[in-house]
Amino acid sequence: MSLQDDLAAVKRCLEDLVRTVGQLERSIAAERGGPPPPVPGRPENLVTIPDTPYDSGLWTDSDDEGLGARDRHAP
């Protein structure tokens with residue numbers, strides 16, 4: 001077997017282990033009557049950022065980071 005084959009086999013085993021542990025956690029939570037554990041890979045504090053543009057008033061009186069103030073020139 002090549003190194004790539006070994007890595008692929010390890011990855012499959014790890015994915016199977018993660019899936020099995022998740023099933024075990026869900027079955028234990030169901031037996032205890034508690035809420036199911038969160039789905040791995042999905043953060044609980046996920047924040048959705050809208051695609052609408054920001055209010056330009058937020059940026060008045062601000063300096064361009066690293067460029068200095070708008071009304072002054074670099075030395």
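**View A. Helix 1 of the predicted model, from its first C-alpha to its last.** Helix 1 comprises 30 residues and reaches 43 Å between its first and last C-alpha, a span close to the 44 Å expected at 1.5 Å a residue. In this predicted model, the secondary structure of the chain amounts to one helix and zero strands. Helix 1 is followed by G33, a residue whose phi is positive, near 80°.

**View B. The salt bridge between D16 and R19.** The structure holds one salt bridge, in which the side chains of D16 and R19 meet at 2.3 Å, N to O. Because D16 and R19 are three residues apart in helix 1, about one helical turn separates them. An α-helix has 3.6 residues a turn, so residues three or four places apart point the same way. With a relative accessibility of 39%, D16 counts as partly exposed, and R19, at 46%, likewise counts as partly exposed.

**View C. A nonpolar surface patch that includes W59.** The residues V47, I49, Y54, L58 and W59 make a nonpolar patch of about 630 Å² on the surface. W59 lies in the segment after helix 1, which covers residues 3–32, and its relative accessibility of 47% places W59 in the partly exposed class.

**View D. The exposed area of the chain.** About 7,500 Å² is exposed by the chain, with carbon and sulfur atoms supplying 58% of that area. Of the 75 residues of the chain, 4% count as buried, a class that is defined by a relative accessible area under 20%.

Methods:
Residues numbered from 1 in each chain as written. Predicted model: local features only at pLDDT ≥ 70, side-chain atom pairs only at ≥ 80, totals over all residues. Heavy atoms only, no water. Patch = residues over 30% accessible without salt bridge, like charges linked within 9 Å, V, L, I, M, F, W, Y side chains within 5 Å. Areas by Shrake-Rupley, 256 points an atom, 1.4 Å probe, with all protein chains shown as cover. Salt bridge = Lys/Arg side-chain N within 4 Å of Asp/Glu carboxyl O. Helix = DSSP H or I, 4+ residues; strand = E, 2+ residues; numbered from the N terminus. Buried < 20%, exposed > 50% of the residue type's maximum accessible area, 1.4 Å probe, protein only. Expected span 1.5 Å × (residues − 1).
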